[in-house]
Each structure stands twice: as C-alpha cells, then as structure tokens.
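Student: I'd like a close look at a single part of this one. Could you take me through a helix and whatever it packs against?

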Amino acid sequence: MPACNWLEALWKKLLLVFLVLVSTLQDCANGKPQVPCFFIFGDSISDNGNNNNLVTLAKANYPPYGIDFPAGITGRFTNGRNMVDFIAEFLGFDDYIPPFATARDQEILTGVNYASGAAGIRSETGQQLGDRISMDRQLKNHRSTVSQIITMLGNQNSSAEYLSKCIYSVAIGSNDYINNYFLPKYFPTSSQYTQEQYAEALVLQVSQQLKTLYECGARKVAVFGLGLLGCTLVEKASFGSNVGSLSCVDNVNNAVLLFNNRLKRLVLDYLNKSLTDANFIFVNSSGIALSSSLSQAGRLLQNLKLLIFTRFATFAVGCEIHEMEFASGPKETNAPCCQVTGTGLGMAQCDPFGKSCSNRSQYTFWDAVHPTEDVYAGYARRAYRAESPTDAYPFDIERLAQL
C-alpha cells in the first residue's frame, strides 16, 4: 500500500509538471523568447570573448578551448557552452548573447555579454594577469549600450519599459578571492582584512554596483553566489597539505560562505525591499554544488520529467530542455580534462594546443579552475528551474522571467 501511495503521488507531480510544460511550450513554439533581452555581467564563468583582444593572460581564444562549441574557439573558458549560454537557451533565444567587444547595432536589443575573465568586484583584482574589465568598467560599458538603446527606441520612457522586462545575470566575486585575497604575493588584502571584514567590504561594494545597474533600468536581476572555490584544482594545488574535508580547502570555502551569506541577505533584505519594482534573486551556487547528487527516487522523478519534456519539446525551437540531458553519475574531480602544466596562459588554464580528454562529460573541471560544459549545464538548469527550495531565493530564473 505505501508503494502505491508513493506512485500515486509521483504521477500527480508528473501531471502538474506536464501541464506547466505545455503552457511553457505554447510560448516557445512560436519562437518568441520569454524576455526581450538578456544582459550578462561577470568573470570567466560567463565571458564569451571580451578578453580576446586584451593584453592579458586571462584569455581562452586558443585550442583546446571551444573543442565542443559549434562555432569553435570563441574565448569561452570551457570546452563548449558556458552557464549563461544554457540560460539563454532556456529563455528561448535563437542565438547566444554577443560579447560587448563585438556587439553592434540592432544586435544589442537582444542583450549584451560584458563579462571578462579575471574581473572582480574590486578594480585591482586580477591585475597580475594583465588587463581585464572590472565590474565598474562593465557597468560603464552597459551605460553606453543603454544610451544606444534609447536612441534606437526613440525616447527614455520606451527604453525604460523595454529594459524593465529583460533578465540581468550578475556572477562575479570569485576572482576577488582566488586572484586577490588568497594571493598575498600580489595583493595585501588578506593582511588588511579578516575574512569577515573582506566579505563585508565586497558586499558593500557590489551593493553599490547593483544599485547602479538598477538605475540603468534593470528590474529583473539574477545574482549568483560564489561556487566552492576551495574545491577547484588550482586552490587545492596552492594549499597542498592544508586540504581539509571533501578534499577541498576549508579555509577558502569558509571565506566563500561568509560572502555568500551576506550577498543573499543583501538581495532578500535590502535590494528587493528598498528599490521600487525591483526583483532580485539569489542563486545558491555553492548549495547546488553540494546537493548535486540526487537520491534514487529523486533521480527517477527527474528522468521522468525530462522524458516527458523531451517528447513534447520537439516543436519548441530554443526551449528544448533535452539540451540538458548530459551524462550523469560520478565525475573525475581531481584532474582537469585538458593538459595543464602551469606553464600556459594564466597558470591554471589549458596549455595552448595541449591535449584534452576524450570523455569530457565525465570530468568536473575542464582546466584547473573552470568547469566542463556538462557541469555548466547542471548549474544552469537548476538556476533556471530550481530542483530544490534552496537552489534560488526567493524563486528561480524561470519565475523571474514571468514577472
């Protein structure tokens, strides 16, 4: 009897999922994106070519980067699509959002990607690698874009209404730790601030940056928390014998959690309450990483959801969730997929023209710091459509797009 009750409850959930998917597919089938535009701010997690022509070691416009991307080498710091590429697909865009470095004319009306490898909340972050476009500079570039959109649409009121419907992604802060605070050889911040003080200073600065974004017309903003930086290969190699639980650097992860907790409170307790018509959400990146393994029942439910969606998504251009059906199961977490000897660009990046593994879906890391396309797909999926109440607060990107 208990087994029957469980199955009945499961099918009720699947019926609800089916009804929601049919409703979503009605919008997708006509080829219309869920929002008119998608603007992206951040670092190498989101960069899709803005660093290509900069004088910097933080670039990825050489083989084997892009080995699985349809257009080949673009400047994405992974083997294929990155996280915001997947989110753009889920939102129904026919093409990926262009980088600011090459975006031109009417193209900017669907959005612009301003993200830059090695960039941070603080302007000095990543400077040991060369040029990069800090968050403040990215906002300056966005103001230029907004001015062009005002001209295109005829007046400021039309532009404000248009921009208020767009989705904005902000995923930045990782380099303020791995290319600043935890690099005392180049930066004094770890001697100037305790970890608590540094997290507070970063969140105070990013709060001003997010308010600037709001003043430029943003009303639907997804703010991403930091991932578990202490579990990246570059940090584990740097700290060596100081690696703690889960084969990760506890000291680094503790610092990340201090930042994330403050960032979440900023979004929920301040920005949404103090800014008129603002809808900010917090995506719990570290929480998603910690809970990535599903229970057997949960995995069954997820597979059935994907099966149903795949059957009905064949008519939905740009909204096919079966794009997310990547390999499941355990992944290699202690080695990069590409060849990293520490002598290549950025020290943690793939050696130019170096070797790469053939079973890329079985690896967590593409190089010594950036995930593979397969891992990005999982993060993007749960940011877009939460699988747990703790994936995003107060709701996910899919709901944000519907507002």
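Student: Let's make it helix 7: which residue follows helix 7, and what is the sign of its phi?

Tutor: Gly217 follows helix 7, and its phi is positive, near 115 degrees. Bear in mind that we're looking at a predicted model; the chain's average pLDDT is 86, with 80% of the residues scoring at least 70.

Now the helix itself. Helix 7 covers residues 195-215, 21 residues in total. From first C-alpha to last it spans 30 Å, close to the 30 Å you'd expect at 1.5 Å a residue. Plenty of its side is tucked away: the buried residues in helix 7 include Tyr198, Ala199, Leu202, Val203 and Val206. Polar and charged names turn up on that list too, among them Gln195, Ser207, Gln209 and Lys211. Further along, Leu210, Leu213 and Tyr214 are buried as well.

Next, the partner. Two packed helices are described by the angle between their axes and the distance between the axes. Here the partner is helix 3, residues 135-153, whose axis comes within 11 Å of the axis of helix 7, with a crossing angle of roughly 5 degrees. Angles under 35 degrees count as roughly parallel, so helix 3 and helix 7 are roughly parallel to each other. On the helix 3 side, the contact is made by Met135, Asp136, Leu139, His142 and Arg143; helix 7 brings Gln205, Gln209, Thr212 and Leu213. Sorted by type, the residues of this contact come to 3 nonpolar, 4 polar and 2 charged. Gln209 and Leu213 are worth picking out, since they are in the contact with helix 3 and also on the buried list for helix 7.

Stepping back along the chain, the loop between helix 2 and helix 3 holds Ala118. Ala118 is not a glycine, yet its phi is positive, near 75 degrees. Ala118 is buried, at a relative accessible area of 5%. Asp277 makes a nice contrast: its phi is also positive, about 65 degrees, but Asp277 is exposed, with a relative accessible area of 60%. You'll find Asp277 in the loop between helix 9 and strand 4.

As for the setting, the chain has 13 helices and 5 strands, and 54% of its 403 residues are buried. Among contacts with a separation of 6 or more, 72% link residues 24 or more positions apart. Be wary of residues 12-29, where pLDDT stays under 50, and of residues 293-327, where pLDDT stays under 50 too.

How values were computed
Residues numbered from 1 in each chain as written. Predicted model: local features only at pLDDT ≥ 70, side-chain atom pairs only at ≥ 80, totals over all residues. Heavy atoms only, no water. Helix = DSSP H or I, 4+ residues; strand = E, 2+ residues; numbered from the N terminus. Expected span 1.5 Å × (residues − 1). Buried < 20%, exposed > 50% of the residue type's maximum accessible area, 1.4 Å probe, protein only. Axes fitted to C-alpha atoms, helices over the stretch in contact; angles between N-to-C directions. Parallel < 35°, antiparallel > 145°, perpendicular 65-115°, else oblique. Contact = heavy atoms within 4.5 Å. pLDDT = per-residue confidence, 0-100.
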